[in-house]
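Trainee: Could you pick one part of this model and take me through it slowly? I'd like to see how its surroundings fit in, too.

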Amino acid sequence: MKKSSLISILLLMSLLASCGSGEVPNDSDSSVNDSTEQDHETTSMITSEERLGDFNFGGAVFNILGREYAKLGTLPSYEFATDSENGDLINDTIYKRNRIVEEQYNVKIVAAQAPQGQGASFVEKSQMAGDGEYDLVWAHINDMSTMVQKGLLADYNSIQHIDITQPWWNQLATESLTINGKCYLQMNYIPFTGTMLSHCLYFNKNLAEVNKIDDIYSLVLDDKWTFDNFAAMVKQVSNDVDGNGVYDDNDLYGLLCSHGTSGGAFSVAMDTKPISINNDGSFKLTMVSDRNQSILEKIVSLTSDTSTYLITDYKLENDLAIMFSEGKSLFYSGFMTDSYQFFRDMKDDFGLLPFPKFDESQENYITTPTGGTGLLGIPKYVKNPEMVGVITEALAIESYNYVYPAIYETVFTEKLLRDDESKLMFDILMNGLEIDFGRTFKHTAYADLITSLTASGSTDLASSAAAVEAQANKHYEDIISIFFEKE
């Protein structure tokens, strides 16, 4: 298979279950593929024509604004539109999806790209000019939240023919990002790179066996995969291999992580949230609590231990993945893309895991997207609102119908995950992907407190929060007020 196809397969790995609507199989044999795809077909195999009926838009152009993103290379250039089939899996899937929608509704789907971080300015210019140049927008999460704050996007619930309660839309996003019945940002399968940078855990099976650590998968499936159990395993592995008295990148560890993939990812996985919002729009800042203090102390205790190799420079995160591929750690807190980029030729066997819960009383495993994640929005002014609603919903449905099952099957055929248990873990990770309101529209200094404190090794949560609470309150008050404004 061509390298481009393999890259494309991996990028779609992280997309497959993000709607969070499927059941996770409870066994680990070869039926995992069959049961997952069967569940998908049972809930989703309705065509856009069956769902929406007949429309003819007379050859109108449906314009999508995507984003350039260096970490994705050239892939975003064809995630929305491509001129022909060329044998590449993703290219051909996009081509098929678009032809179905174009022929059914007599439209032409075209796409442009805004440089990273400039999506909001592109949409604002179009909206101020009143030209309705874009019908659908996909940009970095920060860019998209800026568009909401500037009043540039429409409420999904006000758009005829779109139903974000359906499984081809991300239901965790629908729940979290809907305030006062309004939802301006969403995630689904139309942009195939949407969740490629989700956080995840990997573990080295050989090191686990040598250190007599077993049944990790069983702990996850039995809802006993807690941070305390995880930390105890991490602390079993630590060795100054070169004997120089200093723990560095030549030594053996229980955990490799950055402050973002530990303080950030672990705290989110243990269900920390910056704010809680009431139905009337009142809210409460929630980072300071006994529970969150305990979470911070647990994380800092682990990341300060000699069993953990912690970096605080995001530019070095790839170095951690390489260290893990060389067998230098039991666990590695990284990204879904690492298995292709760094682990395809890894000598030791490895497995995939969700992040641990705070304790057994926590209901679900939670996965956090990284800062590279994007979200999907519809400009407030468009030339043909009916067409925008129909085509957006049709693209969502046909992306769900064709992208999901085809790529799911291919991923596991290509053995990018090395065991059936990892397939179960993948489903758990993706079904728990959380698009949280308080972090989507975040006050950075407040929402990322545990991340920044982990980097400095401090556990002083209360005073750190107090220093920024006034600004955070004002920030969230302004954001939430948008959802209560009269149209």
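Mentor: Let's begin with a term we'll need: when two helices cross, look at them one behind the other, and call the crossing right-handed if the near helix is turned clockwise from the far one by less than a right angle, left-handed if it is turned anticlockwise by less than a right angle. Keep in mind that what you're looking at is a predicted model.

Now find helix H12, residues 290-303, and helix H19, residues 449-456. Their axes come within 10 Å and cross at roughly 35°. Using the term we just met, the crossing of H12 and H19 is right-handed. Which residues make this contact? On the H12 side they are Asn292, Ile295, Leu296, Ile299, Val300 and Thr303, and on the H19 side Ile450, Leu453 and Thr454. Sort the residues of this contact by character and you get six nonpolar, three polar and no charged.

Let's stay with H19 for a moment. Its buried residues are Leu449, Ile450, Thr451, Leu453 and Thr454. You've already met Ile450, Leu453 and Thr454 in the contact with H12. H12 has company here: the cover over the buried residues of H19 also includes helix H11 (259-269), strand E8, helix H18 (444-447) and helix H20 (461-466). Just after H19 comes Gly457, with a positive phi of about 80°.

E8 is our way into a sheet. Trace the five strands of this open sheet in the order E8-E5-E9-E4-E10, and you'll find that the pairing is mixed. Why is one side of E8 left without a neighbour in the sheet? Strand E8 (308-311) stands at an edge, as does strand E10 (350-353), and each has a single partner strand, so one side of each has no neighbour there. Ignoring direction, neighbouring strands of this sheet are turned by 20° against each other on average. Inside the sheet, look at strand E4 (199-204) beside strand E9 (329-335): the two are antiparallel and pair over five bridges. One position to click on is Cys200, whose bridge partner in E9 is Gly334. Helix H10 (227-234) lies across E4, strand E5 (253-258), E8 and E9, and runs at about 130° to E9.

For another take on how a helix is covered, hop over to H5, residues 119-129. Gly119, Ala120, Val123, Ser126 and Gln127 are buried there. Viewed down the axis of H5, these buried residues fall within an arc of 135°, so they line one face of the helix. On the face turned away from that buried side sit the exposed residues Lys125, Met128 and Ala129. Among the elements covering the buried residues of H5 are strand E1 (60-67), strand E2 (107-114), strand E3 (136-140) and helix H6 (141-149). After H5 comes Gly130, with a positive phi near 70°.

Follow that cover into H6, whose buried residues are Ile141, Asp143, Met144, Ser145, Met147 and Val148. What covers them includes H5, E3, E11, helix H17 (437-440) and helix H21 (469-482). Now take Ile141 together with Gly374: they are 233 residues apart along the chain, yet their C-alpha atoms are separated by 4.6 Å. Gly374 lies in strand E11, residues 374-377, and is buried, with a relative accessible area of 0%. H6 is followed by Gly151, whose phi is positive, near 70°.

We've met several glycines with a positive phi, but most residues other than glycine have a negative phi. Asn106 has a positive phi of about 55° although it isn't a glycine. You'll find Asn106 in the loop between helix H4 (89-105) and E2. With 34% relative accessibility, Asn106 is partly exposed. Lys212 is another residue other than glycine with a positive phi, near 55°, and its place is the loop between helix H8 (205-210) and helix H9 (216-221). Is Lys212 buried or exposed? Lys212 is exposed, at a relative accessible area of 73%.

Zoom out, and the chain has 21 helices and 11 strands. Of its 487 residues, 57% count as buried. Take the contacts between residues at least 6 apart in sequence, and 81% of them join residues at least 24 apart.

Conventions:
Residues are numbered from 1 along each chain as its sequence is written. This is a predicted model: local features need pLDDT of at least 70, side-chain atom pairs count only at pLDDT 80 or more; totals for chains, interfaces and linings use all residues. Side-chain values use heavy atoms; hydrogens and water are left out. Helices (H or I, at least four residues) and strands (E, at least two) are DSSP runs, numbered from the N terminus. Buried means under 20% relative accessible area, exposed over 50%, partly exposed in between (1.4 Å probe, protein chains only). The arc is that of the directions from the helix axis to the C-beta atoms. Contact means heavy atoms within 4.5 Å. Axes are lines fitted to C-alpha atoms, for helices over the stretch in contact, and angles run from 0 to 180 degrees between N-to-C directions. Ala, Val, Leu, Ile, Met, Phe, Trp, Tyr, Cys and Pro count as nonpolar, Asp, Glu, Lys and Arg as charged, and the others, Gly among them, as polar. Two strands pair if DSSP finds at least two bridges between them.
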